[in-house]
Each structure stands twice: as C-alpha cells, then as structure tokens.
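Please look over the sequence and structure below with its charged pairs, its cores and one of its helices in mind.

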Amino acid sequence: MTKKKAILTVTEDLSGLFEEKKSEHANTKVKKASRSKERNTDRLTLEKALTTITRQMEISGNRPRTISDYNVYVKHFAQTITIKYVDQLNADHVYEWLASMDVSKQTKLTRLKCLKAFLSRCFDNGWIERKFWRPINIKVDNVVKEGAAEQDIKVLLSVLDLNDFVQLRDATAALLMFKTGLRINTIVHLENRHIDFENNLLRIDGSIVKNHDQLLLPIDNTLNRMLTVLIKQNAAIRNEYGKDNSYVFITKQGGIIATSQSHNNIQKRLNKYAKEYGLKNINPHALRRGFAKSLLGKGASIADISKALGHSNLAVTSQYLHLDKEEVAESLRKFL
C-alpha cells in the first residue's frame with residue numbers, strides 16, 4: 001500500500017466551515033425578506049389609489065354620480081381579480097374582470113370606460129408606467145334612441161289635469177324639457193331666480209348645468225303662463241308645510257323632487273303616464289332628444305343646437321340627433 005504523501009495532508013482545521021456559511025446565508029435571506037417586506041408596505045394598494053383619486057375628483061368638481069361610479073366599478077374590479085397592488089395590474093386582469101360579468105355589452109362598455117378613466121388617472125399620477133388598457137374595447141351595436149314626438153307631447157298635456165298640483169307640475173316639467181332640452185338634473189335644481197318672465201327667458205347659471213356653462217334659453221307664452229301658476233302654487237305649499245326653498249319643481253310637501261339620482265318624482269311620474277296612456281318615448285332623455293330633433297327640423301344649425309343642449313362638442317350633438325345618410329342628403333339639397 002502506497003504511503004500518502006505528507007504534502008497532501010491538510011493540517012488547517014476546517015471543521016464547521018459549511019455550518020458557518022449556511023448561517024450567513026440564512027441571515028442574508030432574513031435580511032432580504034425583511035427588505036422585501038419593507039418594500040411591500042411602501043407599495044400603493046388599489047384601495048389607497050382609489051381613495052386618492054376620489055379626493056382629486058372631489059377637488060376638481062366632478063359630479064357625485066361620476067365619483068360614485070368610479071368607486072363601485074373599481075372596487076368590483078379589485079374584488080374580482082384579487083390583486084392588491086397597483087403595480088401588479090396588466091391587461092389580463094381587465095379581460096378577466098370583463099369575462100366575469102353576466103351583463104349586456106353596453107353595460108360592460110360603460111363599466112370598462114369607468115375603469116379606464118381610473119387607470120388613466122393612475123398613469124397621470126405616476127403609479128403605472130404604461131397604458132396597457134388602451135387597446136381593450138367592446139363593440140356594441142349602435143341602438144338608435146328615438147326622441148319624443150310632438151304629437152305624444154300634445155296627447156300627454158291633454159290627459160293631465162292642470163287643476164291638480166302634481167299633474168300641473170309634471171306637465172310643466174315635461175313641456176319645459178321638450179321646449180328647452182334641459183336635463184332632468186337641471187330641472188330638479190331650477191329656481192325661481194332662473195326665470196326671466198318679462199323677457200321669456202331662462203337664465204341658468206353654470207352651477208346647475210353639467211358642463212358648468214351658463215345657459216340662456218327662450219320660452220314661449222304657454223310655458224310662461226304655466227310656470228307663473230306653478231310658482232304661485234309652490235309658495236302656498238311651502239307656506240303650508242314650513243319649507244324654505246325656491247325650487248320651481250317641488251313635492252306635495254314642498255321639498256326637493258329628487259333625493260338621489262335614482263329617486264326622482266317627475267321621472268317616475270312620466271314613466272307612469274307613458275304606460276297608462278300608451279305614449280312612446282315620454283321620459284327625460286327622450287324629451288331632450290325630441291327638442292334637438294325638433295330644432296333641426298325647423299332649420300336650426302347643429303352648432304346652435306349643441307349650445308342649447310350644453311354639449312361640450314358637436315360630435316356629441318351629432319350622436320344625439322342620429323342623422324342618417326338620407327337626412328343629410330335632403331338637408332344638403334337645399335344648398336345646391
């Protein structure tokens with residue numbers, strides 16, 4: 001047996017060397033885990049992002065309904081995808097959320113637009129690096145919503161008893177929407193000071209208009225008379241119930257006619273009349289569309305109609321009018 005050379009014998013004590021290294025590695029892992037935990041506490045959660053953006057919207061003067069929609073749909077999105085942090089989001093999460101909904105395409109599109117708006121604000125705030133949601137869309141068939149016809153308005157006014165306060169109020173509101181195109185939310189907050197009876201004008205300041213622009217809208221003698229009688233009746237009702245407001249349209253007890261977006265006395269009453277008397281398109285939106293269509297038929301320009309409706313641009317007004325190719329051709333023929 002060959003004798004092992006002394007040179008090959010290691011005399012240094014290396015016992016416990018790997019145990020020490022292992023310990024150092026374990027300590028390193030603990031330190032890394034600790035740093036990772038610290039980073040997690042600094043990451044922005046969807047919940048905190050929504051709180052901040054909600055506050056930004058309040059400061060910017062966004063409508064309560066818009067802010068409410070942001071909160072409802074973003075919270076639903078977060079619950080569906082079970083993602084906690086903003087920096088984890090990607091396009092797959094949006095598709096997953098959309099696939100989870102058992103609703104119409106139009107409803108999906110409405111919710112998607114709201115989520116996209118939220119994500120865009122996250123991008124503007126520097127919380128998301130790229131707009132991964134931009135290519136995501138939902139194709140919806142364009143359903144034409146008809147406006148109220150003048151004949152249906154005439155029938156409605158003929159069946160309402162103007163000696164009854166509620167029916168006088170509803171008739172006045174319906175005719176006012178059809179003759180001026182005012183939104184139902186503006187109607188709700190319309191006050192006596194907004195009516196210039198001497199000059200047959202509505203002088204509406206931006207505080208109750210969606211785009212915050214002042215509106216000047218003419219009214220005819222019929223509306224002048226109905227509003228005069230209604231306001232006189234309102235004063236008696238407010239005096240009876242001790243109410244202190246100057247709204248043009250009030251309840252039987254003298255209060256505001258709408259306590260929320262979904263609870264509006266006039267809107268409910270119009271739906272009731274439509275069913276009861278077989279009237280088509282007698283609702284606030286249809287009355288507003290009917291106003292626009294009526295103006296167009298009488299020769300008003302789209303620019304003037306857009307201004308009267310309080311639209312931000314002409315494209316919105318064009319969608320409102322739903323002009324088909326035949327109508328455009330006939331309108332252009334007079335200029336040949």
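**Salt bridges, cores and a helix face**

D196 and R203 form a salt bridge (a side-chain nitrogen of Lys or Arg within 4 Å of a carboxyl oxygen of Asp or Glu), with their closest N and O atoms 3.0 Å apart. The model is predicted, so local features need pLDDT of at least 70 and side-chain atom pairs count only at pLDDT 80 or more, whereas totals for chains, interfaces and linings use all residues. Residues are numbered from 1 along each chain as its sequence is written, and side-chain values use heavy atoms, with hydrogens and water left out.

**Charged pairs**
- D196 is buried at 16% relative accessibility, while R203 is partly exposed at 37%; buried means under 20% relative accessible area, exposed over 50% and partly exposed in between, with a 1.4 Å probe and protein chains only.
- R169, D170 and R269 are joined into one network by salt bridges that share partners.
- The search of the whole structure finds 10 salt bridges, including the one between R193 and E191 at 3.4 Å, N to O.

**Nonpolar cores**
- The largest nonpolar core (buried Ala, Val, Leu, Ile, Met, Phe, Trp, Tyr and Cys residues joined through side-chain atoms within 4.5 Å) has 53 residues, and L176, F249 and L270 have the most contacts inside it.
- A second, separate core of 31 residues includes L46, I83, L98 and M101.

**Helix α4**
- In α4, residues 91-99 (helices being DSSP runs of H or I, at least four residues, numbered from the N terminus), the buried residues are A91, H93, V94, W97 and L98.
- These buried residues fall within an arc of 160° seen down the axis, taken from the directions from the helix axis to the C-beta atoms, so they line one face of α4.
- The face turned away from the buried side carries the exposed residues D92 and A99.

Notes. Helices (H or I, at least four residues) and strands (E, at least two) are DSSP runs, numbered from the N terminus.
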